[in-house]
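Here are a few notes for you on the pockets and cavities of this model. I have kept them short so that you can follow along in your viewer.

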Amino acid sequence: MESSSAATVSAGPSPGPAPADLLRRLRARGAADPVTHVERVPARPGVPAPWPSWAPPELRAAFARRGVVAPWQHQAQAATLAYEGEHVVVATGTASGKSLAYQLPALATLLADPRATVLYLAPTKALAADQLRAVAALELEGVRPACYDGDTPRAEREWIRRHSRFVLTNPDMLHHGVLPGHAQWSGFLRRLAYVVIDECHTYRGVFGSHVAHVLRRLRRQCDRFGSTPVFVLASATSGDPSTAAGRLTGLPVTAVTEDASPRGGVTFALWEPPLLPPDSGPSTPVPPQSTGDHDDLQQVRRSALRETADLLADTVAEGVRTLAFVRSRKGAEVVAANARRALDDAVPGLGDRVAAYRGGYLREERRELERALLHGDLLGLASTNALELGVDLVGLDAVLICGYPGTRASLWQQAGRAGRSGQEALAVLVARDDPLDTYLVHHPEAIFGAPVEATVLDPANPYVLAPQLACAAFEAPLTPADLALFGDGAKEAVDQLVAAGALRQRPTGWYWRHRERPEVDLRGEGGAPVCVVESSTGRLLGTVDGGSSHFLLHSGAVYLHQGVSYVVDELDLVDGCALVHAEEPDWSTHARDVTDLSVVSVRSYVDAGPVGMFLGEVDVTSQVVSYQRRRIATGEVIDTRPLDLPARELRTVAVWFTLSPQSLTLAGVQPADVPGALHAAEHAAIGLLPLMATCDRWDIGGLSTAVHQDTEAPTVFVYDGHPGGAGFAERAYGTASAWLRATRDAIAECGCESGCPSCVQSPKCGNGNNPLSKPDAIRVLDVVLANLPE
Ligand SMILES: [Zn+2]
Ligand SMILES: [Zn+2]
């Protein structure tokens, strides 16, 4: 998040040990060395550039008053491209000053042309408010920047539409408010010079596909009013930002990726917790409901939480100001509690210098913790990424990251808290037992080299395209020329809307037939979300997307919400709500489902001898049929209870590969082991897909079978878990050999004997992780990789 203007608080100097010495002492603690790699990320001096000649003196003076004496090279380069009319995406690191890259051309244009306007889009209201403060602080004559979102009082809205020349909003407001009300915005849109899309990497998957069409609707309205704004996008570093920005906007976009901002030096260690002795079993239970991930699977590796807690205690004992990032709230509390206990055992009272920090605290509590850490009263803080949303806390001596946070952007955002000017800092990534984490700690080049993960979206998804075309038709009748704007599949979607009675075709185009606006939620996925309601109070705890509701909210399910445990009394499918009560039983629940998949069509394929690789449409039918209750401490199955839930159908996009039975036999896979081999390969492949595309393994489903009715061969399917697909399977197909190579390496490099959550077991398996064969999964993937062209 680019919050350069927010209150940034930096710790003062402290004479701690040098990072390399500190790391040496930390890794010397146990018998085996847990460090798989140490990367020294050197300090980098910034490369300043002169102000572009087109930047007016009063704008330079305004930036200078805010402490910006000169732009960095990447800022100047992106700004000049945009000023010259090129659509541009600047994709550089955290805190590299992407804001200046769009503020400079946008504000210069506003100053040069007293009628021009700028529209700025942020994924959250908080970021828009932050940017508003930054622009307002420049105190430029006649710009009148203003936020326009759901919180803007009605009385102010008309003033903003008429007088503001720099409107900050979000895609939801653009979709629900601005575009349907384009008549009221005609003055603003007619003069629109720039559209700024901040944090554009957050527009991914189905949500990203919706936003892509909202932007096409915006371009259509601009076109009607005679303006052709330049798009300037800001992105976290990611693979191929130009293509992603091009898909999002539908325009050719030039990428600026060379980061010229200064940064402090960091010693970055990759840390793999050791395997437990084989017989330790239940004597080292996972802390109850602490991991938030897969506390049910047999533990073979020391948990990342315990490892992080020990590291935190050790660094605090050395007097090192340390921040530990933990994925779940409960996990952050467990890490803080364990570190406190360890410190108190050593020196009574020392534990008081460690605390947990999470989003649920009141603002004042959070500020107090931040203050205490910066003044050194506190030395250690275990936090969820809630910190990312609060005050920028930088300048710490060490940062511990418990589990890969999902994307490189988040990883660097967290690691970036370490280090202050002129001093080296330490960052440690502690791997969780997850195939992706396993892969990363053994493949540092995937972290420190050029990023491969790309932001993917699929504007051609018919489940997104049709409702978006309905919105567009409501705003103004669709013409044949519009169909090209909305891209592949637009004509089919329009024909469907006509057949469904939503549009009427006339000689001049397609007209929306109803008075009311079509109801389309940009963030809604897989059916209406299910509300989670506490029965005794009627309090709405949150929502779960329809697609996951059968899995997570069936009656009897233990449901974790922000670290607090609830048990579901009833799932009401008609009203779309689940009634729950607070309860912390000593078991967890695990839904089982039966899944059936049929191939609808093949979009593309590679025929590689005994191996075939395919991309296409599939129908997935799945039914949650029962759930298991398992003891948290031991993983012991208490019982299996039946459920009576309807089957659900999903038409989506899948990638799949087939192998000939002969090739498997030749590779040494016995026929009886084929199901376990394919199943294990499927799990790991799903776990590694986030390496190639920004997605969560929960966005993806899989199915493997020794013989499939449509392929008539041993097959592994991996499909997008969203109706119509979200671009994940497509990306997997496009990067198949790199993706499956990483999958194969993650399995082979896991030190476990016969499969564990770090390699082939999956926390979301509908079959209870059975059957699985780790060595045969490697053989299967070797056959695929040997035949598949790079
Ligand atoms: Zn393993
Ligand atoms: Zn499975």
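How do the residues of the lining of the second largest pocket divide into nonpolar, polar and charged?

1. Please keep in mind that this is a predicted model. To take the question first: the lining of the second largest pocket has seven nonpolar residues, five polar and six charged.

2. That pocket holds about 300 Å³ of space. Its lining is made up of 18 residues. If you would like a place to centre your view, the residues nearest the middle of the pocket are Ala 460, Asn 461, Pro 462, Arg 603 and Glu 617.

3. As for where the lining comes from, three elements each give at least two residues: α17 (462-475), α19 (490-499) and β27 (648-659). Of the contributors, α17 gives the most, with four residues.

4. Turning to enclosed space, you will find two cavities of 30 Å³ or more in the structure. The second largest cavity has a volume of about 60 Å³.

5. Which residues line the second largest cavity? They are Val 89, Cys 200, His 201, Tyr 203, Ser 235, Ser 238, Pro 241, Ala 244, Ala 245, Leu 248, Thr 455 and Leu 457. Helix α10 (residues 241-249) supplies the largest share of this lining, four residues.

6. The two linings are worth viewing side by side. Around the second largest cavity there are eight nonpolar residues, four polar and no charged, whereas six charged residues belong to the lining of the second largest pocket.

Technical notes: Residues are numbered from 1 along each chain as its sequence is written. Chains are lettered from A and ligands numbered from 1 in the order in which they are written. This is a predicted model: local features need pLDDT of at least 70, side-chain atom pairs count only at pLDDT 80 or more; totals for chains, interfaces and linings use all residues. Side-chain values use heavy atoms; hydrogens and water are left out. On a 1 Å grid over the protein atoms alone, a cavity is a set of points where a 1.4 Å probe fits but cannot get out, and a pocket is an open set with protein on both sides within 12 Å along at least five of seven lines; lining residues have an atom within 4 Å of a point. Grid points are joined across faces, edges and corners, and a volume is the space filled by probe spheres set on the points. Ala, Val, Leu, Ile, Met, Phe, Trp, Tyr, Cys and Pro count as nonpolar, Asp, Glu, Lys and Arg as charged, and the others, Gly among them, as polar.
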